[in-house]
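User: Could you walk me through how some of the labels on this model are justified? I would like to see the reasoning behind each one.

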Amino acid sequence: MKNVAIIPARGGSKEIENKNIIDINGKPLICHSLKACFECKSIDYVAVSTDSDEISKVVREYYPDTIIIKRPFVLATDLATSEGAILHAIDI
């Protein structure tokens, strides 16, 4: 059995614009989650579910082995849930 980590990272944010790609301690915020996943011995694959081309670009730049799952707009609105994004990723 293989274990997959799915990181939901939508482009829109009400409070902090582009929060997933802002610099935190020298790296984009999402890179801290990716680093933890790739260092975890029990995780075999890491995927990011996103609607943002910019987030996809940053993920590819720092962690090219990450699986990018393009999330549909309906699952990236302010009313969308992380659970919806994860279920979408599992269905693919």
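Analyst: Happy to; this is a predicted model, and we can take the labels one at a time.

User: Why is N20 called buried?

Analyst: Buried means under 20% relative accessible area. N20 has 13% relative accessibility, so N20 counts as buried. As for its place, N20 is in the loop between β1 and β2.

User: What makes the link from the N20 side chain to R10 a polar contact?

Analyst: The side chain of N20 reaches the backbone oxygen of R10 at 3.1 Å, and the cut-off for such a pair of N or O atoms is within 3.5 Å, so the pair qualifies. Leaving aside neighbours within four places in sequence, N20 is in contact with residues including A9, P28 and I55.

User: How do you know that the buried residues of α2 line one face?

Analyst: The buried residues in α2 are I55, S56, V58 and V59. Seen down the helix axis, they fall within an arc of 165 degrees, so they line one face. On the other side of α2, D53, K57 and E61 are exposed. Among the elements covering the buried residues are α1 and β4.

User: Why are β1 and β4 said to pair?

Analyst: Pairing needs at least two bridges. β1 and β4 have 5 bridges in the parallel sense, so they pass. One of the bridge partners is S49 in β4, matched with P8.

User: Which side chains of β1 point to the buried face?

Analyst: A5 and I7 point to one face and are buried, while V4, I6 and P8 point to the other and are not.

How values were computed:
Residues numbered from 1 in each chain as written. Predicted model: local features only at pLDDT ≥ 70, side-chain atom pairs only at ≥ 80, totals over all residues. Heavy atoms only, no water. Buried < 20%, exposed > 50% of the residue type's maximum accessible area, 1.4 Å probe, protein only. Helix = DSSP H or I, 4+ residues; strand = E, 2+ residues; numbered from the N terminus. Polar contact = N/O pair within 3.5 Å; in protein donor to acceptor, adjacent residues only side chain to side chain. Contact = heavy atoms within 4.5 Å. Arc of directions from axis to C-beta.
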